[in-house]
Amino acid sequence: MKLIDTHCHLTFDPLAEDVPAVIERSRAAGVAGWITVGTHLEDSRKAVELAAQYENMYATVGIHPHDAKDGNTDALNELRRLAQGEKVVAIGETGLDFHYNLSKVPDQKRVFAAHLEIAGELGLPVVVHCREAFDETMEILDQHGRGLKGVVFHCFSGSVEQAQEVLDRGYHVSFTGVVTFENAEATREAARAIPLEKLMVETDCPYMSPEPVRKQKPNEPALMVHTARFLAQLKGVSLDDLAQATTETAVRFFHLEQPGRGDA
Ligand SMILES: [Zn+2]
Ligand SMILES: [Zn+2]
(Lines give C-alpha, C1' and ligand atoms only; values in the text may rest on other atoms or scores of the structure.)
(Ligands and ions follow the chains in the order given, each with its own letter.)
Protein backbone atom coordinates (compact mmCIF):
# COMPACT_ATOMS: atom_id res chain seq x y z
CA MET A 1 0.00 0.00 0.00
CA LYS A 2 1.30 3.44 -0.95
CA LEU A 3 -0.62 6.52 0.11
CA ILE A 4 0.30 10.14 -0.57
CA ASP A 5 -0.37 12.87 1.96
CA THR A 6 -1.48 15.52 -0.52
CA HIS A 7 -1.59 18.39 1.97
CA CYS A 8 0.68 18.63 4.99
CA HIS A 9 2.66 21.38 6.68
CA LEU A 10 6.00 19.76 7.44
CA THR A 11 7.52 23.23 7.84
CA PHE A 12 5.34 23.91 10.89
CA ASP A 13 6.42 23.25 14.46
CA PRO A 14 6.60 20.79 16.05
CA LEU A 15 6.88 18.61 12.90
CA ALA A 16 9.64 20.78 11.42
CA GLU A 17 11.86 20.02 14.40
CA ASP A 18 12.22 16.37 13.46
CA VAL A 19 11.25 15.77 9.86
CA PRO A 20 13.45 12.66 9.43
CA ALA A 21 11.55 10.83 12.20
CA VAL A 22 8.19 12.05 10.90
CA ILE A 23 9.07 10.72 7.45
CA GLU A 24 10.31 7.41 8.82
CA ARG A 25 7.07 6.81 10.75
CA SER A 26 5.10 7.85 7.68
CA ARG A 27 6.89 5.37 5.41
CA ALA A 28 6.43 2.61 7.99
CA ALA A 29 2.68 3.33 7.97
CA GLY A 30 2.45 3.17 4.16
CA VAL A 31 2.32 6.90 3.49
CA ALA A 32 5.19 7.26 1.05
CA GLY A 33 4.69 10.63 -0.64
CA TRP A 34 4.14 14.15 0.70
CA ILE A 35 3.09 17.52 -0.59
CA THR A 36 4.15 20.13 1.91
CA VAL A 37 2.02 23.21 1.43
CA GLY A 38 3.22 26.81 1.68
CA THR A 39 1.08 29.32 3.55
CA HIS A 40 3.06 32.54 3.19
CA LEU A 41 6.19 33.68 1.40
CA GLU A 42 8.73 32.60 4.02
CA ASP A 43 6.89 29.34 4.62
CA SER A 44 6.71 28.67 0.88
CA ARG A 45 10.46 29.16 0.67
CA LYS A 46 10.91 26.64 3.50
CA ALA A 47 8.58 24.17 1.78
CA VAL A 48 10.63 24.34 -1.43
CA GLU A 49 13.88 23.84 0.51
CA LEU A 50 12.47 20.89 2.45
CA ALA A 51 11.06 19.15 -0.62
CA ALA A 52 14.49 19.37 -2.28
CA GLN A 53 15.89 17.15 0.47
CA TYR A 54 13.49 14.19 0.26
CA GLU A 55 12.56 11.77 -2.44
CA ASN A 56 8.81 11.76 -3.12
CA MET A 57 8.35 15.06 -1.32
CA TYR A 58 6.95 18.02 -3.23
CA ALA A 59 6.05 21.58 -2.36
CA THR A 60 3.37 24.12 -3.16
CA VAL A 61 3.82 27.86 -2.83
CA GLY A 62 1.10 30.24 -1.78
CA ILE A 63 -0.20 32.90 0.57
CA HIS A 64 -2.99 31.61 2.80
CA PRO A 65 -6.13 33.78 3.03
CA HIS A 66 -5.15 34.45 6.66
CA ASP A 67 -1.99 36.17 5.36
CA ALA A 68 -3.58 37.86 2.34
CA LYS A 69 -2.87 41.25 3.93
CA ASP A 70 0.80 40.61 3.07
CA GLY A 71 0.08 39.77 -0.56
CA ASN A 72 1.43 42.94 -2.18
CA THR A 73 2.89 43.10 -5.70
CA ASP A 74 6.44 42.32 -4.55
CA ALA A 75 5.27 39.28 -2.59
CA LEU A 76 3.26 37.98 -5.53
CA ASN A 77 6.20 38.45 -7.89
CA GLU A 78 8.43 36.52 -5.50
CA LEU A 79 5.77 33.80 -5.31
CA ARG A 80 5.74 33.54 -9.09
CA ARG A 81 9.51 33.13 -9.06
CA LEU A 82 9.41 30.46 -6.32
CA ALA A 83 6.65 28.62 -8.19
CA GLN A 84 9.08 27.84 -10.97
CA GLY A 85 11.17 25.64 -8.67
CA GLU A 86 11.71 22.06 -9.78
CA LYS A 87 9.62 20.32 -7.10
CA VAL A 88 6.82 22.87 -6.92
CA VAL A 89 3.67 21.05 -8.04
CA ALA A 90 0.90 23.56 -7.33
CA ILE A 91 -0.03 27.10 -6.34
CA GLY A 92 -1.61 27.47 -2.91
CA GLU A 93 -2.89 27.20 -0.45
CA THR A 94 -5.01 30.13 -1.44
CA GLY A 95 -8.69 30.94 -1.24
CA LEU A 96 -11.09 32.56 1.19
CA ASP A 97 -11.61 32.10 4.91
CA PHE A 98 -14.50 34.10 6.33
CA HIS A 99 -14.49 32.12 9.58
CA TYR A 100 -11.46 33.85 11.06
CA ASN A 101 -11.22 36.86 8.73
CA LEU A 102 -7.59 37.38 9.72
CA SER A 103 -7.19 39.43 6.55
CA LYS A 104 -9.82 41.79 5.18
CA VAL A 105 -12.22 40.30 2.62
CA PRO A 106 -11.09 42.55 -0.28
CA ASP A 107 -7.45 41.53 0.36
CA GLN A 108 -8.42 37.85 0.45
CA LYS A 109 -10.30 38.15 -2.84
CA ARG A 110 -7.57 40.10 -4.60
CA VAL A 111 -4.78 37.75 -3.51
CA PHE A 112 -6.83 34.65 -4.38
CA ALA A 113 -7.48 36.03 -7.87
CA ALA A 114 -3.76 36.82 -8.27
CA HIS A 115 -2.86 33.21 -7.35
CA LEU A 116 -5.23 31.93 -10.03
CA GLU A 117 -3.59 34.21 -12.60
CA ILE A 118 -0.12 32.92 -11.64
CA ALA A 119 -1.29 29.31 -11.80
CA GLY A 120 -2.75 29.95 -15.24
CA GLU A 121 0.46 31.55 -16.49
CA LEU A 122 2.65 28.70 -15.20
CA GLY A 123 0.28 25.85 -16.01
CA LEU A 124 0.08 24.63 -12.40
CA PRO A 125 -2.92 23.29 -10.47
CA VAL A 126 -4.31 25.20 -7.48
CA VAL A 127 -4.89 24.11 -3.87
CA VAL A 128 -7.96 25.95 -2.59
CA HIS A 129 -8.73 26.67 1.05
CA CYS A 130 -12.40 27.58 1.46
CA ARG A 131 -14.05 28.15 4.80
CA GLU A 132 -17.51 29.68 5.15
CA ALA A 133 -16.99 31.33 1.78
CA PHE A 134 -18.22 28.79 -0.76
CA ASP A 135 -20.23 31.05 -3.10
CA GLU A 136 -17.56 33.75 -3.19
CA THR A 137 -14.84 31.14 -3.80
CA MET A 138 -16.75 29.70 -6.77
CA GLU A 139 -17.38 33.20 -8.12
CA ILE A 140 -13.66 34.05 -8.14
CA LEU A 141 -12.79 30.69 -9.67
CA ASP A 142 -15.36 31.29 -12.39
CA GLN A 143 -13.93 34.75 -13.08
CA HIS A 144 -10.20 34.08 -12.83
CA GLY A 145 -9.75 30.32 -12.98
CA ARG A 146 -10.82 29.45 -16.51
CA GLY A 147 -8.58 26.94 -18.20
CA LEU A 148 -6.62 26.07 -15.06
CA LYS A 149 -4.73 22.77 -15.07
CA GLY A 150 -6.60 21.61 -11.97
CA VAL A 151 -8.31 22.79 -8.82
CA VAL A 152 -8.61 20.88 -5.55
CA PHE A 153 -10.82 21.92 -2.65
CA HIS A 154 -8.69 20.84 0.30
CA CYS A 155 -10.06 19.83 3.71
CA PHE A 156 -13.47 19.59 2.15
CA SER A 157 -16.24 20.05 4.67
CA GLY A 158 -19.06 21.23 2.44
CA SER A 159 -22.43 19.72 1.66
CA VAL A 160 -23.26 17.17 -1.01
CA GLU A 161 -24.75 20.00 -3.11
CA GLN A 162 -21.53 21.98 -2.86
CA ALA A 163 -19.52 18.87 -3.72
CA GLN A 164 -21.68 18.51 -6.84
CA GLU A 165 -20.95 22.11 -7.88
CA VAL A 166 -17.24 21.45 -7.42
CA LEU A 167 -17.43 18.24 -9.50
CA ASP A 168 -19.51 19.93 -12.19
CA ARG A 169 -16.57 22.22 -12.88
CA GLY A 170 -14.19 19.28 -13.11
CA TYR A 171 -12.48 20.10 -9.81
CA HIS A 172 -11.14 17.61 -7.26
CA VAL A 173 -11.84 17.25 -3.55
CA SER A 174 -9.56 16.14 -0.74
CA PHE A 175 -10.47 15.01 2.75
CA THR A 176 -8.72 15.36 6.09
CA GLY A 177 -9.46 13.61 9.38
CA VAL A 178 -12.50 15.88 9.67
CA VAL A 179 -14.46 13.26 7.70
CA THR A 180 -13.94 10.85 10.63
CA PHE A 181 -15.34 13.24 13.25
CA GLU A 182 -18.60 12.28 14.88
CA ASN A 183 -20.34 15.57 13.99
CA ALA A 184 -19.26 15.46 10.32
CA GLU A 185 -22.21 13.58 8.83
CA ALA A 186 -22.67 16.19 6.06
CA THR A 187 -19.02 15.78 5.05
CA ARG A 188 -19.44 12.00 4.97
CA GLU A 189 -22.51 12.38 2.78
CA ALA A 190 -20.42 14.50 0.39
CA ALA A 191 -17.60 11.92 0.44
CA ARG A 192 -20.05 9.15 -0.49
CA ALA A 193 -21.17 11.17 -3.51
CA ILE A 194 -17.68 11.91 -4.85
CA PRO A 195 -16.29 9.40 -7.37
CA LEU A 196 -13.08 7.73 -6.23
CA GLU A 197 -11.13 9.18 -9.17
CA LYS A 198 -11.94 12.74 -8.02
CA LEU A 199 -10.94 12.19 -4.42
CA MET A 200 -7.66 12.63 -2.55
CA VAL A 201 -6.56 12.21 1.06
CA GLU A 202 -4.54 14.58 3.25
CA THR A 203 -3.66 15.23 6.87
CA ASP A 204 -3.39 19.05 6.96
CA CYS A 205 -0.99 18.18 9.79
CA PRO A 206 0.06 19.30 12.36
CA TYR A 207 -3.67 19.97 12.76
CA MET A 208 -6.74 17.77 12.85
CA SER A 209 -5.74 14.26 13.89
CA PRO A 210 -8.35 11.75 12.68
CA GLU A 211 -10.44 9.44 14.84
CA PRO A 212 -9.63 7.21 16.67
CA VAL A 213 -6.39 9.09 17.44
CA ARG A 214 -7.97 12.53 17.53
CA LYS A 215 -6.37 13.31 20.86
CA GLN A 216 -2.87 12.53 19.53
CA LYS A 217 -1.07 15.80 18.87
CA PRO A 218 0.50 16.82 16.64
CA ASN A 219 -1.13 15.13 13.69
CA GLU A 220 1.43 13.72 11.23
CA PRO A 221 1.40 11.89 7.88
CA ALA A 222 1.60 8.42 9.50
CA LEU A 223 -1.85 9.00 11.00
CA MET A 224 -3.42 9.49 7.57
CA VAL A 225 -4.01 5.73 7.33
CA HIS A 226 -6.92 6.18 9.75
CA THR A 227 -8.59 8.64 7.39
CA ALA A 228 -7.86 6.41 4.40
CA ARG A 229 -9.29 3.34 6.13
CA PHE A 230 -12.38 5.30 7.13
CA LEU A 231 -12.91 6.56 3.57
CA ALA A 232 -12.42 3.04 2.18
CA GLN A 233 -15.21 1.75 4.43
CA LEU A 234 -17.40 4.69 3.49
CA LYS A 235 -16.87 3.96 -0.22
CA GLY A 236 -17.21 0.19 0.19
CA VAL A 237 -13.74 -0.61 -1.16
CA SER A 238 -10.65 -2.19 0.38
CA LEU A 239 -7.95 0.01 1.88
CA ASP A 240 -5.56 -1.17 -0.86
CA ASP A 241 -8.01 -0.17 -3.58
CA LEU A 242 -8.58 3.22 -1.99
CA ALA A 243 -4.82 3.76 -1.64
CA GLN A 244 -4.23 2.83 -5.26
CA ALA A 245 -7.05 5.00 -6.58
CA THR A 246 -6.22 8.09 -4.52
CA THR A 247 -2.50 7.78 -5.25
CA GLU A 248 -3.19 7.53 -8.98
CA THR A 249 -5.40 10.60 -8.70
CA ALA A 250 -2.72 12.55 -6.82
CA VAL A 251 0.00 11.52 -9.28
CA ARG A 252 -2.18 12.63 -12.19
CA PHE A 253 -3.44 15.83 -10.56
CA PHE A 254 -0.06 17.09 -9.33
CA HIS A 255 2.02 15.44 -12.08
CA LEU A 256 4.14 13.55 -9.55
CA GLU A 257 6.50 10.69 -10.11
CA GLN A 258 5.05 7.43 -8.79
CA PRO A 259 6.11 7.11 -5.15
CA GLY A 260 8.07 4.09 -4.10
CA ARG A 261 8.23 2.70 -7.60
CA GLY A 262 10.60 -0.20 -7.59
CA ASP A 263 10.52 -1.03 -3.89
CA ALA A 264 8.16 -3.55 -2.36
ZN1 LIG B 1 -6.31 25.16 4.53
ZN1 LIG C 1 -3.26 23.60 5.11
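Helix α4 passes helix α5 in a right-handed crossing. The model is predicted. Two zinc ions, ligand 1 and ligand 2, lie 3.5 Å apart, with E93 bridging them. A second helix pair, α6 with α7, also has a right-handed crossing.

**Helix pair α4 and α5**

- Helix α4 spans residues 105-122, and helix α5 spans residues 134-144.
- Their axes are 10 Å apart and meet at an angle of about 40°.
- Angles of 35 to 65 degrees fall outside the roughly parallel and roughly perpendicular classes, so α4 and α5 are oblique to each other.
- On the α4 side, the contact is made by K109, F112, A113, L116 and E117.
- Their partners in α5 are E136, T137, I140, L141 and H144.
- By class, this α4 with α5 contact holds five nonpolar, two polar and three charged residues.

**Helix pair α6 and α7**

- Helix α7 covers residues 185-193, and α6 covers residues 160-168.
- The two pack at an angle of about 35°, and their axes are 8 Å apart.
- α6 passes α7 in a right-handed crossing.
- V160, A163 and L167 are the α6 residues in this contact.
- They meet E189, A190 and A193 of α7.
- This contact of α6 with α7 has five nonpolar residues, one charged residue and no polar ones.

**Zinc site**

- Which protein residues donate to the zinc ion (ligand 1)? They are E93 through OE, H129 through ND1 and H154 through NE2.
- These donors lie 2.0 to 2.1 Å from the ion.
- Along the chain, the donors of ligand 1 are spaced as E-x35-H-x24-H.
- E93 also serves the second ion: this residue bridges ligand 1 and ligand 2.
- E93 sits in strand β4 (residues 88-97), while H154 sits in the loop between β6 (151-153) and α6, so the pair ties together parts that are 61 residues apart in sequence.
- Is the pair E93 and H154 buried or exposed? Both residues are buried.

**G85 and R146**

- G85 is placed in the loop between α3 (73-82) and β4.
- G85 has 25% relative accessibility, so this residue counts as partly exposed.
- The cut-off for buried is under 20% relative accessible area.
- How far apart are G85 and R146 in sequence and in space? They are separated by 61 residues in sequence and by 24 Å in space, C-alpha to C-alpha.

Note on methods. Residues numbered from 1 in each chain as written. Chains lettered and ligands numbered in written order. Predicted model: local features only at pLDDT ≥ 70, side-chain atom pairs only at ≥ 80, totals over all residues. Heavy atoms only, no water. Donors = N, O, S within 2.8 Å, 3.2 Å for Na, K, Ca; no water. Helix = DSSP H or I, 4+ residues; strand = E, 2+ residues; numbered from the N terminus. Buried < 20%, exposed > 50% of the residue type's maximum accessible area, 1.4 Å probe, protein only. Axes fitted to C-alpha atoms, helices over the stretch in contact; angles between N-to-C directions. Parallel < 35°, antiparallel > 145°, perpendicular 65-115°, else oblique. Left-handed = near helix turned anticlockwise from the far one by under 90°. Contact = heavy atoms within 4.5 Å. Nonpolar A, V, L, I, M, F, W, Y, C, P; charged D, E, K, R; others polar.
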